[in-house]
Amino acid sequence: MTSNFDARKHSRQEAAKQMDSLQRDRFELLSAFIDGEVTAAERRQVQELLATDADMQRLHSRLMKLRQGMQKLPVPAAQTTAQDTAQEVFSRIDHRRNRRTVMWGGAAIAAMVVGALSGILPGSDSLVPRLAQSLNKEVAPEPLEIAINRPVIEIPKAAVALPEQSLDLPTVPHETNQNDLN
């Protein structure tokens, strides 16, 4: 029983969608007809619908009133010309560019002033690194000494195997040659 109800409900929704689609198509066709944007075949179709369909006649009269009302609306006069608008845009761009340049220049000048004052003030240990400080004391240079027999760093000796830990290697008999003895 519910399946029949669902089927009827579904068919009604489909019919409503088709009707909405048909009305939308007719509205678009009538709107194009009023704007003069239809072909000859479409023009005949709209004229037949206007002659036979009362809903189409009402929609046509409403659209015509709307069109006439739109045409009667006053067009506001432009207060500025396109040339004036373009000039205003470019002047604002130039103003922003100049302002940015002044800001960076001012920041650079402020940094230089702070740097100069921090070096001038007496008794202040500033965070500016000192690259070189010369002392007036004359210090005699020390001669360079190189110790060949005594290294500066202790060099560890290589590990030597103890005799009891030595490996027993097979002995290879050595042939004596008369030439070796001479």
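This report walks through the helices, core, surface and salt bridges of one protein model.

**Overall picture**

The model is predicted, not taken from an experiment. The protein has five helices and zero strands. Read from the N terminus on, the order of elements is α-α-α-α-α. The protein has 182 residues, and 6% of them count as buried. Its accessible surface comes to about 18,100 Å². Carbon and sulfur atoms hold 58% of that surface.

Contacts tell us how the chain meets itself. Take the contacts in the protein with a separation of 6 or more: 42% of them join residues 24 or more positions apart.

**The nonpolar core**

Which residues make up the largest nonpolar core? There are ten. They are Leu 29, Leu 30, Ala 32, Ile 34, Val 38, Val 46, Leu 49, Leu 50, Met 56 and Leu 63. Three helices each supply at least two residues of this core: α1 (2-35), α2 (40-52) and α3 (54-72). Helix α1 gives the largest share, with four residues.

Now look at Ile 34, one of the core residues. Leaving aside residues up to four places away in sequence, Ile 34 touches His 60, Leu 63, Met 64 and Arg 67. Leu 63 is itself listed in the core.

Next comes Phe 33, which is found in helix α1. With residues up to four places away in sequence again left out, Phe 33 touches Val 38, Arg 43, Val 46, Gln 47, Leu 50 and His 60. Among these partners, Val 38, Val 46 and Leu 50 are listed in the core. Arg 43 is ten residues from Phe 33 in sequence. In space, their C-alpha atoms are 6.5 Å apart. His 60 is touched by Phe 33 and also by Ile 34.

**A nonpolar patch on the surface**

Some nonpolar residues sit on the outside. Leu 66, Met 70 and Leu 73 form a nonpolar patch on the surface. Together they have about 330 Å² of accessible area. Leu 73 is found in the loop between α3 and α4 (82-120).

**Salt bridges**

Side chains of opposite charge can pair when their charged atoms come close. In this model the count comes to four salt bridges. The table gives three of the pairs.

| Pair | Helix | Places apart in sequence | N to O distance |
|---|---|---|---|
| Arg 58 and Asp 55 | α3 | three residues | 2.1 Å |
| Arg 92 and Glu 88 | α4 | four residues | 3.3 Å |
| Asp 94 and Arg 97 | α4 | three residues | 3.5 Å |

How far apart along the helix are Arg 58 and Asp 55? About one turn of helix α3 lies between them. Arg 92 and Glu 88 are likewise about one turn apart, in helix α4. For Asp 94 and Arg 97, three residues apart in helix α4, the separation is also about one helical turn.

Are the residues of the α4 pairs buried or exposed? Arg 92 has 54% relative accessibility, so Arg 92 counts as exposed. Its partner Glu 88 has a relative accessible area of 40%, so Glu 88 is partly exposed. In the other pair, Asp 94 is partly exposed because its relative accessibility is 38%. Arg 97 is partly exposed too, with a relative accessible area of 47%.

Technical notes
Residues are numbered from 1 along each chain as its sequence is written. This is a predicted model: local features need pLDDT of at least 70, side-chain atom pairs count only at pLDDT 80 or more; totals for chains, interfaces and linings use all residues. Side-chain values use heavy atoms; hydrogens and water are left out. A nonpolar core is a set of buried Ala, Val, Leu, Ile, Met, Phe, Trp, Tyr and Cys residues joined through side-chain atoms within 4.5 Å. Buried means under 20% relative accessible area, exposed over 50%, partly exposed in between (1.4 Å probe, protein chains only). Contact means heavy atoms within 4.5 Å. Accessible areas come from the Shrake-Rupley method with a 1.4 Å probe; for residues, only the protein chains shown count as cover. Patches are made of residues with over 30% relative accessible area and no salt bridge: like charges are joined within 9 Å, nonpolar side chains (Val, Leu, Ile, Met, Phe, Trp, Tyr) within 5 Å. A salt bridge is a side-chain nitrogen of Lys or Arg within 4 Å of a carboxyl oxygen of Asp or Glu.
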